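Visitor: I am new to this structure and would like to be led through it step by step. Could you show it to me before we begin?

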Amino acid sequence: ADFLKKNWTTEETQADVQCLREQAEADIKAKVKGAVAIPSSGTPTQIQRAAVASCLWQTSINRKSGPLKQLQGHLWKYYYESGDIKGEMYDDILPALKRWKKEGTPVYIYSSGSRAAQRLIFGYSDKGDLRPYLSGYFDTKSGAKVEAASYENIAETIGIDDISKLLFCTDMMNEATASTEAGVNTVMFLRPGNGALPPDHGLPTATTFQSLF
């Protein structure tokens, strides 16, 4: 709400809210349970409250719609660049990135968050600017992380003929299932707070980036 109030009159924010409004209209037309309408008229406070309610609803059902991610990216840009927030990284990430960079091992990020948001998280992290250590970013424009075709698209974009040369790390079993189906080498990450994995998942595991290879 604070971000919308501070940036309400900008063309970018108005465009973001319009995208959310159109998404809400489509959801309501499709009778999606819980969808929140965003009025096109009313006081700025009324429209802002509806927009926030729509975002909170989408977040509560773990929905990653394009309009929500677009607004999230702009919100993050505003607060990351202001220094109010920083991307939190595990202590082992910087040493690993430095080593892989020195060895010539390219590292890519694949996230449900937008590429712009990813660059902000790694550019304004609590370990400094990590972007020089990364070779590229992928988001859901390459496909959903739970679909095997997404990993095939990424391999093609990178220019790898043998997809088994890719290593994908995740803590989500449904993502691991998709990447494995595509033929990608997959490692399940075990970090404090991660959800429990099926005992028979059959995939290699790691607790730190340094232990990967």
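Guide: Before we look at strand partners, one term is needed: two strands pair if DSSP finds at least two bridges between them. Please keep in mind throughout that this is a predicted model.

Visitor: Which residue in E5 does Met188 stand opposite?

Guide: Strands E4 and E5 pair in the parallel sense, over two bridges. Within this part of the sheet, the residue of E5 that stands opposite Met188 is Thr205.

Visitor: What is the order of the strands in the open sheet of three strands?

Guide: Strand E3 is joined to E4 by four bridges, and the two run parallel, while E4 pairs with E5 in the parallel sense as well. The edge strands, each pairing on one side only, are E3 and E5. The order of the open sheet is therefore E3-E4-E5.

Visitor: Which residues form the covered face of E3?

Guide: In a regular strand the side chains alternate between the two faces of the sheet. Helix H8, residues 173-182, lies across E3 and E4, running at about 170 degrees to E4. In E3, the uncovered face holds Leu167 and Cys169, whereas the covered face holds Phe168 and Thr170.

Visitor: What is the bridge partner of Phe168 in E4?

Guide: Four bridges join E3 to E4, and Phe168 is in strand E3, residues 167-170. The bridge partner of Phe168 in E4 is Thr186.

Visitor: Are the rings of Tyr151 and Phe168 stacked or edge-to-face?

Guide: The structure holds eleven aromatic pairs. In the pair of Tyr151 and Phe168, the ring centres are 5.1 Å apart and the planes stand at 65 degrees. Tyr151 in helix H7, residues 148-158, is thereby linked to Phe168 in strand E3, 17 residues apart in the chain. Planes over 60 degrees apart count as edge-to-face, so the pair of Tyr151 and Phe168 is edge-to-face.

Visitor: Is Glu175 buried or exposed?

Guide: Glu175 lies in helix H8 and, leaving aside its neighbours within four places in sequence, is in contact with Lys145, Val146, Tyr151, Phe168 and Thr170. Of these contacts, Tyr151 and Phe168 are buried. Buried means under 20% relative accessible area, and Glu175 has a relative accessibility of 11%, so Glu175 counts as buried.

Visitor: Over the ring of which residue does the charged end of Lys145 sit?

Guide: Lys145, one of the residues in contact with Glu175, has its charged end 5.5 Å from the centre of a ring. The residue whose ring lies beneath that charged end is Tyr110.

Visitor: Which helix and strands do the buried residues of H6 pack against?

Guide: Helix H6, residues 115-123, has as its buried residues Ala117, Gln118, Leu120, Phe122 and Gly123. These buried residues pack against helix H4 (66-82), strand E1 (108-110) and strand E2 (136-138).

Visitor: How far from the ring centre of Tyr90 does Arg191 lie?

Guide: Arg191 has its place in the loop between strand E4 (185-189) and strand E5 (205-206), and at 12% relative accessibility Arg191 counts as buried. Not counting residues up to four places away in sequence, Arg191 touches Tyr90, Asp92, Thr207, Thr208 and Phe209, and a polar contact of 3.1 Å joins its side chain to that of Asp92. Arg191 lies over the face of Tyr90, and the distance from the ring centre is 3.7 Å.

Conventions: Residues numbered from 1 in each chain as written. Predicted model: local features only at pLDDT ≥ 70, side-chain atom pairs only at ≥ 80, totals over all residues. Heavy atoms only, no water. Buried < 20%, exposed > 50% of the residue type's maximum accessible area, 1.4 Å probe, protein only. Polar contact = N/O pair within 3.5 Å; in protein donor to acceptor, adjacent residues only side chain to side chain. Contact = heavy atoms within 4.5 Å. Phe/Tyr/Trp six-rings, centres within 6.5 Å; stacked < 30°, edge-to-face > 60°. Lys NZ or Arg CZ within 6 Å of the ring centre and 35° of its normal. Axes fitted to C-alpha atoms, helices over the stretch in contact; angles between N-to-C directions.
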